Amino acid sequence: MSEVDVCVVGLGYIGLPTSLVLATSGSNVHGVDISDTVVEQLNAGQATFEEPGLQECLDAAIATNNLSVSNRTVPASTYIIAVPTPIGSDRSPDISYVLAAAAQIAVHIQSGSLVILESTSPVGTTEAVAKAIYSSRDDLDPGDIFLAHCPERVIPGHMLHEITTNDRVVGGLSFEDAEKAADLYRTFCTGSIHLTDARTAELTKLAENSFRDVNIAFANELSMLADELGVDAWDVISLANKHPRVNILQPGPGVGGHCIAVDPWFLISSAPSTTELIRAARNVNDSKPLFVNRQIVQEVKSSGRNSVAILGLAFKANVDDLRGSPAVEIVERLALENTDLMIHVAEPFVSELPERLGGFPNVRLESLESCLDREEIVVLLVDHDQFKNIDSTVLSTKRLIDTRGLWRELNV
Ligand code: SAJ
């Protein structure tokens, strides 16, 4: 392979698709990941997670000869940091992976290099990356390199479409930095590129995800309120949404994944006394799994049964991602607090139970058919397409807890 144009650090849910679309759009890309399994799998031509079109895009990138993958950063004209930014046990942001990536690329950087931070980050992180690079390189003067934050915006399930079509916000440490980064995105993105400064871009991304969290919290609170008042929440939402200026989101068993449930904490942590609404929304969404647990236990008691079927473990529909999933949390609590209850789980996107559930003797992963054949109580936690197609005559014989309102549409 000839000289590397872009070195992407972190080949997870964002770094991998970004590397692939860059490679298929003509850039020479070197992808870097600390996981040997990820590197081996990609070098063997296999996509590392379930996402529509990802395998085909990997095949296409390999065919261009524009893609290489290893666990070491290499010299390149542009570096993209796409590593995780989790929260710690005290819910404060942990940017150590970003700073570690900055240290890795700092050794290769030259005057005129472009560094882009894609990871969702607390306000001020792009400046911290600049500081980390310059403090380890006495030979570079501030302004010698271009630095920008270009937060990712893709939604799992539609990543490859959104990565090339969504508008992007590019925030530079200077206007020139933003312009330089925007040029790279223009090579593969047909959406508009909006230039701003790095801090504005950081806060914009956190505002987007917090906005969604607050709106889902409203739907979740409404669903609990409707339950208390004996009204169907989905009827209310569907009727309220007929108003031209109302658009209530969908309630569920809680908010999962590693973005919507995490990013609001970056804001709360930065400005604890100015983020009351954002914190309240987090608390509402975090309380929803407990509410569902109580519903299940109540149904078990009133039925006199000692087993249930749980449909879905993923954090949302049609993905294989179990990270931060409220469904996993619900099953774990149920198993832990009800040792006499047998829990049969159907999750078509996984072949084994996640570590958190694997140790429970009363939790078993089964096929959907066997769960439905055997169980009277059926709890829907994820609205996967497979669950939409269950025969309504089968469902009509069950005691149902439908946390997503999926079967309501089937008029069961
Ligand atoms: N959820 C509901 N009700 C809804 C919508 C979602 O309960 O009406 C739940 C889902 O089931 C899931 C969680 O919320 O548990 C989050 O799912 P999501 O589809 O809202 O979002 P993510 O986490 O898959 O992706 C979000 C997106 N952000 C926004 O829509 C503002 C995506 O564009 C971001 O790129 C992504 O976060 C990210 O990585 O930041």
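The following paragraphs lead through a predicted model, from one of its sheets to its helix contacts and two of its loops.

The sheet is a suitable place to begin. Eight strands make up an open sheet, arranged in the order 3-2-1-4-5-6-7-8, and their pairing is mixed. Strand 3 and strand 8 (193-197) occupy the edges; each has a single partner strand, so one side of each remains without a neighbour in the sheet. Direction ignored, neighbouring strands of this sheet are turned against each other by 20 degrees on average.

Within this sheet, strand 6 (residues 146-149) and strand 7 (residues 168-172) illustrate how a pair is built. The two run in the antiparallel sense and are joined over two bridges. Here His-149 stands opposite Gly-171 of strand 7. Helix 8 packs on the sheet, where it touches strand 6, strand 7 and strand 8, and the direction of helix 8 makes about 115 degrees with that of strand 8.

Helix 8 also has a helical partner. Helix 8 (residues 198-228) packs with helix 11 (residues 276-303) at an angle of about 40 degrees, the two axes being 8 Å apart. Because of this angle, helix 8 is oblique to helix 11. The crossing of helix 8 past helix 11 is left-handed. On the side of helix 8, the residues that meet helix 11 include Val-214, Ile-216, Ala-217 and Met-224. On the side of helix 11, the residues in this contact include Leu-277, Ile-278, Arg-282, Lys-288 and Phe-291. Sorted by class, the contact of helix 8 with helix 11 contains nine nonpolar, six polar and five charged residues.

A second helix pair may be read in the same manner. The axes of helix 4 (residues 96-106) and helix 5 (residues 125-135) come within 9 Å and cross at roughly 35 degrees. Helix 4 passes helix 5 in a right-handed crossing. Val-98, Leu-99, Ala-102 and Ala-106 of helix 4 meet Thr-125, Ala-128, Val-129, Ala-132 and Ile-133 of helix 5. By class, this contact of helix 4 with helix 5 has eight nonpolar residues, one polar residue and no charged residues.

Attention now turns to strand 12 and its partners. Strand 12 pairs with strand 9 (residues 307-311) in the parallel sense, over three bridges. Ile-310 stands opposite Val-379 of strand 12. Strand 12 also pairs in the parallel sense with strand 13 (residues 399-402), over four bridges. In that pairing, Leu-380 has Asp-402 of strand 13 as its bridge partner. Which way do the residues of strand 12 (residues 377-380) point? Ile-377 and Val-379 point one way, Val-378 and Leu-380 point the other way, and all are buried.

Finally, two loop residues deserve attention for their backbone angles. Asn-65 has a positive phi of about 70 degrees, although it is not a glycine. Asn-65 is placed in the loop between helix 3 (54-64) and strand 3 (67-70). Is Asn-65 buried or exposed? Asn-65 counts as exposed because its relative accessibility is 61%, and the cut-off for that class is over 50%. Asn-318 likewise is not a glycine and has a positive phi, here of about 60 degrees. The position of Asn-318 is in the loop between strand 9 and helix 12 (326-337). With a relative accessible area of 28%, Asn-318 is partly exposed.

Technical notes. Residues are numbered from 1 along each chain as its sequence is written. This is a predicted model: local features need pLDDT of at least 70, side-chain atom pairs count only at pLDDT 80 or more; totals for chains, interfaces and linings use all residues. Side-chain values use heavy atoms; hydrogens and water are left out. Axes are lines fitted to C-alpha atoms, for helices over the stretch in contact, and angles run from 0 to 180 degrees between N-to-C directions. Angles under 35 degrees count as roughly parallel, over 145 as roughly antiparallel, 65 to 115 as roughly perpendicular and the rest as oblique. A crossing is left-handed if the near helix is turned anticlockwise from the far one by less than a right angle, and right-handed if clockwise. Contact means heavy atoms within 4.5 Å. Ala, Val, Leu, Ile, Met, Phe, Trp, Tyr, Cys and Pro count as nonpolar, Asp, Glu, Lys and Arg as charged, and the others, Gly among them, as polar. Buried means under 20% relative accessible area, exposed over 50%, partly exposed in between (1.4 Å probe, protein chains only). Two strands pair if DSSP finds at least two bridges between them.
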